[in-house]
Amino acid sequence: MRHDRRAGVGFSRASSRPIVLVHTVIHCPRTLTAMPADLHEHARAAAHPAARPCPGCVTDTLADRPDATVVRHHRTVVKAHAPGTDPAALRARVAVAAALPDILLPPLDPAPVPLGGRLVTHWPLGRPVDPDDPDAAPWEDAATLTARLHRTPPPPGLPAMRGPGKAALAVARLAADAPGHPAVPALLGAWRALPPWARDEEPAPPGAVTALCHGDLHLGQLVRHPAPDGPWRLIDVDDLGVGVPAWDLARPASWYACGLLPAEEWQRFLRAYRAARGPAVPAEGDPWPTLDVPARALTVQTAARSVTKAALAGRPLDEAEEALVDACGRMVAPGGGPV
Amino acid sequence: MHCPKCHAPMHTYNRNGVQIEQCSGCRGIFLDYGELETLTRLEAQWAQPAPPAAPGAPAWGAPHAGHHGHGGHHRPHSFGRMLFSS
């Protein structure tokens, strides 16, 4: 087990001095991947393509996780994608970002390049949402960009959105890394009560609304570009693809349902999404018949990640994590079926 | 009409749509048949909180989902991290 840093980077508004925003996550040793040794050098070369000498700018590691390593040199960000990433799928996803620069942060180079056994992509530096000021979260921008993405016809050949697959992975890791945790029965019960498509066991049901989806929407997936005051854009296309668009609304829906996100902020997000004519939920009336399954899946996923992290760190669950586990417990009727 | 207690004249008032007679001398109140029940019902409606304007929430949601007020909301520390995590 070790600590590693997950980070975003940006410029403080007052000084335009680069700031790096870090928080700590815990990984099991077997999930660790080595950062390509020359990723920093690659970033430096990418930031200074004219072979001019580097004027002494700093290279930062923004994230080093099992699924991605992200480093930044000056105003260039390079991302080494997870080992085993399908090159054609990644190329198709990055091409969507290049084609939709008003919605997604466009890459500096549309072609992923191999480096040390990983695929690497190149992005301009943006300014992320300030994690220390979540009350300033741009809910309306997030909702409007998501609605516009959902209204864009997906290009032919784009792979499926990977949201259900990530939920299934979180539950598999829970079972492997924290099998004895007292929250596990409630989480697995809530997981089994979900329909097979939400557990990544079947494709989306026939007749379901499908659209071009982000697949992993949260407040860390928004940056201002150009930094520091440009318009908001969505980042991280690794999970982007065709799927049930309610999945992209399901994280804030889950946070609201679990009593974590105030109703006002959820309503701001939902109203802006509907105002931008997003297709995931009916234009008016109760959105929960559509949101219920994805919000349950995201609640189980987030709870599973939280319990796994807490178990590996040997610490108790905190208040927000308990709220997720409690919600999972309420998803299953006493007889064992869905509520 | 005169007050049955002090015999002073009574005046008619309208309170929330209910006609009541009040004595101009001892201030006593005379209610017709059914008016006490009507007033009791109106009082109960007045005392009940307004129906929540909160949006819908699923059956598995937290008991207080949607009822957090402005300003008083307590945001658990770890939720701040959750907002930014996959």
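This dialogue goes through a predicted model with chains A and B.

Colleague: How are residues and chains labelled, and what kind of model is this?

Modeller: Residues are numbered from 1 along each chain as its sequence is written, and chains are lettered from A and ligands numbered from 1 in the order in which they are written. The model is predicted: local features need pLDDT of at least 70 and side-chain atom pairs count only at pLDDT 80 or more, while totals for chains, interfaces and linings use all residues.

Colleague: How many helices and strands does each chain have?

Modeller: Helices (H or I, at least four residues) and strands (E, at least two) are DSSP runs, numbered from the N terminus. Chain A has nine helices and 12 strands. Chain B has two helices and three strands, in the order β-β-β-α-α along the sequence.

Colleague: What share of each chain is buried?

Modeller: A residue is buried if 20 or more other C-beta atoms lie within 10 Å of its own, exposed if 12 or fewer, and partly exposed in between, with C-beta atoms placed from the backbone. In chain A, 47% of the 339 residues are buried; in chain B, buried residues make up 15% of 86.

Colleague: Among contacts between residues at least 6 apart in sequence, what share joins residues at least 24 apart?

Modeller: Two residues are in contact if their C-beta atoms, placed from the backbone, lie within 7 Å. For chain A the share is 72%, and for chain B 4%.

Colleague: How many residues of chain B are in contact with chain A, and how do they divide by class?

Modeller: In chain B, 25 residues are in contact with 33 residues of chain A. The side of chain B that touches chain A holds 13 nonpolar, 11 polar and one charged residue. Here Ala, Val, Leu, Ile, Met, Phe, Trp, Tyr, Cys and Pro count as nonpolar, Asp, Glu, Lys and Arg as charged, and the others, Gly among them, as polar.

Colleague: Where are the domains of chain A, and which elements of domain 1 touch domain 2?

Modeller: Domain bounds come from an automatic or database domain assignment. Chain A is divided into domain 1 (2–125) and domain 2 (134–330). Their contact takes 21 residues from domain 1 and 23 residues from domain 2. On the domain 1 side, strand S1 (2–11), strand S2 (18–27) and helix H2 (87–99) each supply at least two residues. H2(A) gives the largest share, six residues. By class, that side has 15 nonpolar, four polar and two charged residues.

Colleague: Why is helix H6 of chain A described as largely enclosed?

Modeller: Helix H6(A) (residues 246–257) has 12 of its 12 residues buried, so the rest of the structure largely encloses it. Among them are A:Trp247, A:Asp248, A:Arg251 and A:Trp255. After H6(A) comes A:Gly259, with a positive phi near 80°.

Colleague: What is the span of helix H8 of chain A, and where is its kink?

Modeller: The expected span of a helix is 1.5 Å times one less than its number of residues. H8(A) (residues 288–313) has 26 residues and reaches 35 Å from first C-alpha to last, close to the 38 Å expected. The bend at a residue is the angle between axes fitted to the seven residues ending there and the seven starting there. A kink of about 25° in H8(A) is centred on A:Pro294. Just after the helix, A:Gly314 takes a positive phi of about 65°.

Colleague: How many bridges join strands S3 and S4 of chain A?

Modeller: Two strands pair if DSSP finds at least two bridges between them. S3(A) (residues 59–65) and S4(A) (residues 68–73) run antiparallel, joined by six bridges. They form a hairpin with two residues between them, and A:Arg65 has A:Ala68 of S4(A) as its bridge partner.
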